[in-house]
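Student: Could we go through this one together, starting with the strands and then moving on to how the chains meet?
Tutor: Yes, let us open it and begin.

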Amino acid sequence: MDTLHEHEKIILQALEKGALTEAELVKATGLQQASVSHASLWLYSKGLTKIDEAVTEWVELNDEGRKYLKEGLPERKALKLLAKSDVSAKDLGDKIGPAESRIAMAWLMKSRLARVEKGVIKLTEEGERALNSKLPAEEALEALNKKVESSKAPVGILGKRGKIFRVSENKVRTVMLTDKGRKLVDKGIEIGNEVNVLTPQLIKSGKWKDTKFRAYDITGVAPPMLIGKRQPYKALLDEARDRLTSMGFIEMRGPVVETEFWNFDTLYQPQNHPTRSRKDTYYILKPNRGELPTDHTIKVRQAHESGFAEGSRGWGYQWNPEKAKELIMRTHTTAVSAHAMAEHGDKKGKYFTISRNFRRDVIDATHLPEFYQCDGIIVDPDMNFRQLLGMLKDFAREFAYTEEVRFRADYFPYTEPSVELSAKHPDLGWIELGGAGMFRPEVREPLGIKSEVMAWGLGFDRLVMLKLGIKDIRQLFSTDLKWLGDVSLRYEMK
Amino acid sequence: MPNVTVKYYDLIGLVGKDLSIRDLEGIAPNIKCEWEGVDGEDIKLETTHDRPDMVSAEGIARAIRNYVGLPADIPAFHKSDYVCDVDKSVLEERPYSRMFVVKGIKLTSALIEQLMQVQEKIHLVYANDRKDASIGVYDLDTFAWPITYCAKEEYKFTPLGEEREMTCREVLTKTEKGRDYAHLVKGRYPLIIDKNGRVLSLPPVLNSEETKVTGTTTNLFCDVSGWDGEVVEKVAALLACALSERGEIYYVTMKYPDHTIESPELKKESTTASVMAINKLIGSEFSPHECIGLLAKSGFHAKAQGDSLEVVVPPYRYDLMHPVDIAEEIAIAYGYNEFKPLMPEVPTIGIRHPLERLSEQAREALVGAGFQEVLTFILCSKRILEAAPGPPFAELENPVSDEYNAVRSWLVPRHLDFLAKNKHLPLPHRVFEAEDIVITDGKETYTRRNVSASICNSTATFTEMHSVLDSLMKNLGKEYTLKPGKHDTFLRGRCGVVMVNGKEAGVIGEIHPKVLNAFELENPVVSLELCLDELL
């Protein structure tokens, strides 16, 4: 009872004496038609009323019929002409048009109002009489000028005259109490002192104490609302950043447009290496050259040409500083590690970055021209390869939630030994997480580091796709606002 | 990384020991190969760039023999009377070359496949697509010695796969290979010609039809020529070592205008490494004796003298530059997965980068203000950057498509594009992003971290975004002022420059209707963009 809207109560009361149509309810309650309809439906959904829907068919003249009513039926036009004089069939056609003359002739003959003698049409006696009285068809037309229930409509009299009236349906809803409704009404319905809205006045004045608040129906559907939230891929990268910070790593940052020097040369990738070509790497058109650092360039050059580090013979080619100056889109975040080594030198430290990289590739469901990579280094004189394996195992646990890892020998120009890390995912099996290794002396010594440096680069794309339940890698950079809004924050629940 | 396919029975024949597929799969990681799977008789492997000796069944078989302890040294090459005169004319056209002969081979389809695979991989991966070096293989018994390597203005021969004689010019213009490699022949045509004036090949383009290898071939002649002397020499040595698994190698005496060499030249190199340094790098406790055993598995002969290892480098290995490379050989032979991992103990305190931290704080404020974070590409189309003009941007020299041919210099254009893609969804749209952009003054490029927010709504106004800016700046603890701005992307009189510490730190305003039209946006958009570097 408390949850009934005031309109519902009014209608229940009006139905006490018996069933009423909606139109009758409008009269009886003084409510608007729409309010009556809504409230009747609410009551119906609560099982308090029944609604009988009677469908009635109505007939009414259409525009063509109204034209007849206004201008007169073809036979009336013919009668008026014949009242003046007899006419030939041809003359009749010329006067009222061939179509109407055909209809007029058919009706005049059928009702015996005229006859034809030697090609001339003459009125009969009945025809003379009809001049001053209405034809049954005319009476029918007048009756149909207003809506008439189809069972009472005189459509037969009009015969086949084409479409001169239209048929419409009308639904009449009769509302009556159910047994449940009857019981409620019998208990008595209280109307008048309920309040919908809790207003500041009610609160301040204390009037709320004497007010009865209408209970809402709280089971309905909520209107949609857009919330603000983090992009899911970025949110997962945030988590990774927090983990790495909590593991004691210092975050680094570097430029996305980079010289080949920092992207390749400091990392001991020879200048004729296939990735240092227009085919694999994006080059900048203008400006196309950057600056080389004053303090490291000569040493890096020596590393390429003759090894620089003790015991190394280097690549043994003539290093070209112009090639090193070329500006490219960074191909790997290991370039950021190179900057960090040059900046921090031999000081013990742990560094990481999670940043964007670029590769010259067409974009499709499995390739993106841009991707995030997580790179990091640990600088320490006592670092060794087994510790690197331990670190990688830890990453697999932190990021892929698995203890099962596999190491495979791999090749990077900048690390030795080099290793590739795979982790076993319960659904996908072995997935590659990234590459790692101990930086070669030819990499670290020109940058001023005698200590060992372990380095790793991890890719999270596949893990993130798995967590977000997406199959197309392009969705990591989704342009669909609806998907971004709807995707669950609790990624682990899929 | 190079993908290599070998036939199971061919590989087993070369190894000379009955190993199962499973055995081979188990050995693969210890010879630096990734097992890619089996397809019928084919075994698919991925090798690494540093090991051109591993792009053939012969090289892989040798590595397996080393690993399982079977003899695997390169047999001695034989002296011969084969002579090639190198004419000085060719020194200007394709100066470097090496040649040798292989006798007593059994020609099988597997061998032909391997010869093709080696040529393809070496050419593409290691020889700059035939410019630095290219390989030719011929039936030894189809031509007469001595031969000449020379360059000629014009000459005629029947190229491989053709039925008639062609001039060299025709070969370069009328055959498929000719057209592919014509750019490598700039001047006169380099040719290998036999005693009777018959052409063996026009390197690096095509061999002759007459000297081709057939099902009845039992002896091979091989040449490697190119522009990079070091690569030519390495490739010849690698190929001779590989083919020594199939037959007996004979030297060819190459007479240059000013010197004579026995080809191919196999290097004899040794290097030293400290056992202590190896153990320190790996974190292992191998004895010198264990090191020698593990190196043998990788094909190295080594002797120990106290802590020092004297290691002989096999003639097909060119990847060793430093003792750390010896350490990796030992680690791989031992097996990476056999090591017990240790945890590095370097006690440090983790710190977020100040700019990343600031980005995170700005993001938190904007999420709180009801904005959806989006993520867009740094690469962008010039068209989009020009449709919403902003700071000067850098263009790519070698884009793959017009969609990504420039580097964004601010975030607003990307976000207008994003909003346009979502215009079918109910409004309002509130989006933001804090990411890198790159600006340029034409001389240098600078990576900056910007944050940008946009509202698209039928009722969006400057004031609405002004409130966002105001609360964002308060939350980031920065005082700011707005001064009226002139900006092509914004409506005049409804655009402000955000000033922080007397410097321009950003822009805010209602997007100009002509810009909205350009993006086919049908509702007003109001945007804000700040450079976080200026707010540090």
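Student: How many bridges join S2 and S7 of chain A, and in which sense do the strands run?
Tutor: In this predicted model, strand S2 (residues 49-61) and strand S7 (residues 165-177) of chain A run antiparallel and are joined by 13 bridges; two strands count as paired if DSSP finds at least two bridges between them, and strands (E, at least two residues) and helices (H or I, at least four) are DSSP runs numbered from the N terminus. Within this pairing, A:Leu61 has A:Phe165 of S7(A) as its bridge partner.

Student: What order do the strands of that open sheet have?
Tutor: The order is S1-S7-S2-S6 in chain A, an open sheet of 4 strands with antiparallel pairing. Its edge strands, each pairing on one side only, are S1 (20-21) and S6 (148-149) of chain A.

Student: And chain B, which strands does S7 pair with there?
Tutor: Strand S7 (residues 147-152) of chain B runs parallel to strand S4 (residues 83-86) of chain B, with 3 bridges joining them, and B:Cys84 is partnered there by B:Ile147. S7(B) also pairs with strand S10 (residues 189-193) of chain B, in the antiparallel sense and over 5 bridges, where the bridge partner of B:Thr148 is B:Ile193.

Student: What about confidence, where is it lowest in chain A?
Tutor: The pLDDT, which is the predictor's confidence in each residue from 0 to 100, is lowest in strand S8 (residues 194-195) of chain A, at a mean of 72, and highest in helix H14 (residues 260-265) of chain A, at 98. Chain A as a whole averages 88, and 98% of the residues score at least 70.

Student: Any ground rules on numbering and cut-offs before the interface?
Tutor: Residues are numbered from 1 along each chain as its sequence is written, while chains are lettered from A and ligands numbered from 1 in the order in which they are written. Local features need pLDDT of at least 70 and side-chain atom pairs count only at pLDDT 80 or more, whereas totals for chains, interfaces and linings use all residues, and side-chain values use heavy atoms, with hydrogens and water left out.

Student: Now the interface: how many residues does each chain give to the contact?
Tutor: Chain B gives 83 residues and chain A gives 92, contact meaning heavy atoms within 4.5 Å. The area buried between the two chains (accessible area, 1.4 Å probe, lost on putting the two parts together and summed over both) is about 7,800 Å², with carbon and sulfur atoms giving 59% of that. B:Met321, B:Tyr336 and B:Leu375 supply 10% of what chain B buries against chain A, more than any other three residues.

Student: Which salt bridges cross it?
Tutor: The rule, a side-chain nitrogen of Lys or Arg within 4 Å of a carboxyl oxygen of Asp or Glu, finds 11 across this interface, and the structure holds 88 over all chains. One of the crossing pairs is B:Glu397 with A:Arg278, whose closest N and O atoms are 2.9 Å apart. Another is A:Glu251 with B:Arg352, at 2.7 Å from N to O, which runs from strand S10 (residues 250-251) of chain A to the loop between H10 and H11 of chain B.

Student: Which strands pair across the chains?
Tutor: Strand S12 (residues 284-286) of chain A pairs with S21(B) in the antiparallel sense over 2 bridges, and A:Lys286 has B:Glu395 as its bridge partner.
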